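I opened a fresh page for this one and wanted to go from the whole chain down to single residues. Here is what I looked up, in the order I looked.

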Amino acid sequence: MEPGEPREPREPGPGAETAAAPQWEEAKTFYDNLAPKKKPKSPKPQNAVTIAVSSRALFRMEEEQRIYTEQGVEEYVRYQLEHENEPFSPGPAFPFVKALEAVNRRLRELYPDSEDLFDIVLVTNNHAQVGVRLINSINHYDLFIERFCMTGGNSPICYLKAYHTNLYLSADAEKVREAIDEGIAAATIFSPSRDVAVCQSQLRVAFDGDAVLFSDESERIVKAHGLDSFFEHEKTHENKPLAQGPLKGFLEALGRLQKKFYSKGLRLECPIRTYLVTARSAASSGARALKTLRSWGLETDEALFLAGAPKGPLLEKIRPHIFFDDQMFHVAGAQEMGTVAAHVPYGVAQTPRRTAPTKPAPSTQ
């Protein structure tokens with residue numbers, strides 16, 4: 001070969017392509033990991049089980065609330081803007097929301113094209129300027145919350161039906177009462193007195209019966225005529241279903257999602273588990289509660305009849321992500337044992353003007 005004459009290209013040696021392939025795959029994996037992860041699409045509200053959560057339920061905002069109460073809205077907004085890169089600490093609804101997202105991941109694996117999922121909406125009367133800190137906090141904890149409702153000081157309750165809300169959780173008791181009066185399943189959520197670890201792979205929801213899943217018919221009998229009359233009334237009406245209470249629709253929605261796992265042969269591995277935890281006694285008044293659920297085509301995975309015993313110790317064993325009750329002394333007892341409890345302000349145990357919602361509870365279909 002003469003000097004300066006171009007060399008003929010050499011054929012790659014045997015195994016060269018094979019050697020290059022793993023290197024390329026390794027590099028591709030490296031750059032894929034650097035790329036932002038694509039989040040799944042939000043389901044259409046009419047297809048989803050929509051959980052509306054207030055900012056003070058999802059995050060701890062005691063200091064911010066103190067500033068708002070003592071110094072007013074302008075100082076509150078200023079404080080939020082100055083701290084918008086500091087994520088809020090998790091609030092009482094945080095483990096519940098994480099459990100909802102864990103169920104969604106399982107549902108997407110089994111039904112990639114289905115929109116029958118939980119959809120979480122952050123609902124707050126905060127000023128829109130505070131939204132940046134809320135968004136930063138949601139991204140910090142890798143939560144999948146795409147729908148926001150920030151009403152700038154106005155009550156957000158009028159928007160709940162437009163969001164197809166199946167359940168509304170708030171730290172504001174008055175707004176919860178407004179929602180109940182509008183026929184929307186709602187509860188005031190409280191932080192437990194101590195932290196207790198909850199299951200990361202299974203959503204656990206515990207319900208009281210009367211004035212929560214059922215109407216307050218039986219509680220009215222107790223209050224007006226005493227326990228003996230109540231037992232007699234329940235025996236006489238054992239085969240007559242109780243009317244629905246404010247959270248019946250939410251249990252119905254949970255049952256609908258459970259059946260999607262059952263149809264895949266996963267009843268025993270279902271990532272949703274429900275509990276009836278009631279002060280009723282099984283022998284004298286339990287049958288009517290169970291027959292009422294059956295008449296609705298519903299069930300709970302476990303039914304615990306306590307015959308008036310405290311609920312806190314059993315809830316400590318269950319470790320639900322949330323427990324719903326209409327009576328504050330049961331809520332307080334649950335809190336003491338480390339349970340996130342939510343008060344449903346419905347029925348005769350409440351103030352007289354709050355005895356019933358003005359409209360029936362919404363259907364989940």
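Before the surface total, a note to self: accessible areas here come from the Shrake-Rupley method with a 1.4 Å probe. With that in hand, I got about 18700 Å² exposed for the protein, with carbon and sulfur atoms supplying 52% of it. I should also write down that this is a predicted model.

**Entry 1, overall.** I counted up the secondary structure and found 13 helices and 12 strands. Of the 365 residues, 46% are buried. Then I looked at contacts between residues at least 6 apart in sequence: 76% of them join residues at least 24 apart.

**Entry 2, cores.** How many residues does the largest nonpolar core have? I get 77. The residues with the most contacts inside this core are Phe96, Phe118, Tyr168, Leu203, Phe207 and Phe324. A second core of 11 residues lies apart from it, and includes Val277, Leu304, Leu306 and Leu315. In soluble globular proteins, nonpolar side chains tend to be buried together.

I picked Tyr168 from that list and pulled its partners, skipping neighbours within four places in sequence. Tyrosine 168 is in contact with Ala52, Val123, Pro156, Ile157, Leu160, Lys175, Val176, Ala179, Ile184, Ala185, Ala186 and Ala187.

**Entry 3, α5 against α10.** Next I went to helix pairs. Helix α5 covers residues 94–110 and helix α10 covers residues 248–262; their axes come within 10 Å and cross at roughly 35°. I noted the crossing as left-handed. On the α5 side the contact uses Phe96, Val103, Arg106, Leu107 and Leu110, and on the α10 side Phe250, Leu257, Lys260 and Phe261. Sorted by class, that contact has seven nonpolar residues, no polar ones and two charged. Phe96 had already turned up in my list for the largest core.

**Entry 4, α8 against α9.** Helix α8 (residues 217–225) and helix α9 (residues 227–236) have axes that come within 7 Å and cross at roughly 145°. The crossing here is right-handed. Glu217, Ser218, Ile221, Val222 and His225 of α8 meet Leu227, Ser229, Phe230, His233 and Glu234 of α9. By class, I have four nonpolar, four polar and two charged residues in this contact.

**Entry 5, Glu219.** I stayed in α8 and clicked on glutamate 219, which sits in that helix. Is the residue buried or exposed? Glutamate 219 counts as buried because its relative accessibility is 14%, and the cut-off for buried is under 20%. Its contacts, leaving out residues up to four places away in sequence, are Asp210, Ala211, Asp326, Gln327, Val348 and Ala349. I checked the distance to one of these: glutamate 219 and alanine 349 are 130 residues apart in sequence and 8.0 Å apart in space, C-alpha to C-alpha.

**Entry 6, positive phi.** Most residues other than glycine have a negative phi. I went looking for exceptions and wrote down two.

Alanine 211, a contact of glutamate 219, has a positive phi near 70°. Alanine 211 is found in the loop between β8 (203–207) and α8. Its relative accessibility is 0%, so alanine 211 counts as buried.

Histidine 164 has a positive phi of about 60° and is not a glycine either. Histidine 164 is placed in the loop between β5 and β6 (165–170). With a relative accessible area of 40%, histidine 164 is partly exposed.

**Entry 7, Cys149.** That loop took me back to strand β5 (residues 147–150), where cysteine 149 lies. Cysteine 149 has a relative accessible area of 6%, so I logged it as buried. Leaving aside neighbours within four places in sequence, cysteine 149 is in contact with Leu122, Val123, Thr124, Tyr159 and Tyr163. Val123 is also on the contact list of tyrosine 168. I also took a C-alpha to C-alpha distance: cysteine 149 and valine 121 are 7.4 Å apart in space and 28 residues apart in sequence.

**Entry 8, Arg78.** Last stop was helix α4 (residues 73–82), which holds arginine 78. Arginine 78 is partly exposed, at a relative accessible area of 37%. C-alpha to C-alpha, arginine 78 and valine 130 are 9.2 Å apart, with their positions 52 residues apart in sequence numbering.

Key. Residues numbered from 1 in each chain as written. Predicted model: local features only at pLDDT ≥ 70, side-chain atom pairs only at ≥ 80, totals over all residues. Heavy atoms only, no water. Axes fitted to C-alpha atoms, helices over the stretch in contact; angles between N-to-C directions. Helix = DSSP H or I, 4+ residues; strand = E, 2+ residues; numbered from the N terminus. Left-handed = near helix turned anticlockwise from the far one by under 90°. Contact = heavy atoms within 4.5 Å. Nonpolar A, V, L, I, M, F, W, Y, C, P; charged D, E, K, R; others polar. Buried < 20%, exposed > 50% of the residue type's maximum accessible area, 1.4 Å probe, protein only. Core = buried A, V, L, I, M, F, W, Y, C linked by side-chain atoms within 4.5 Å.
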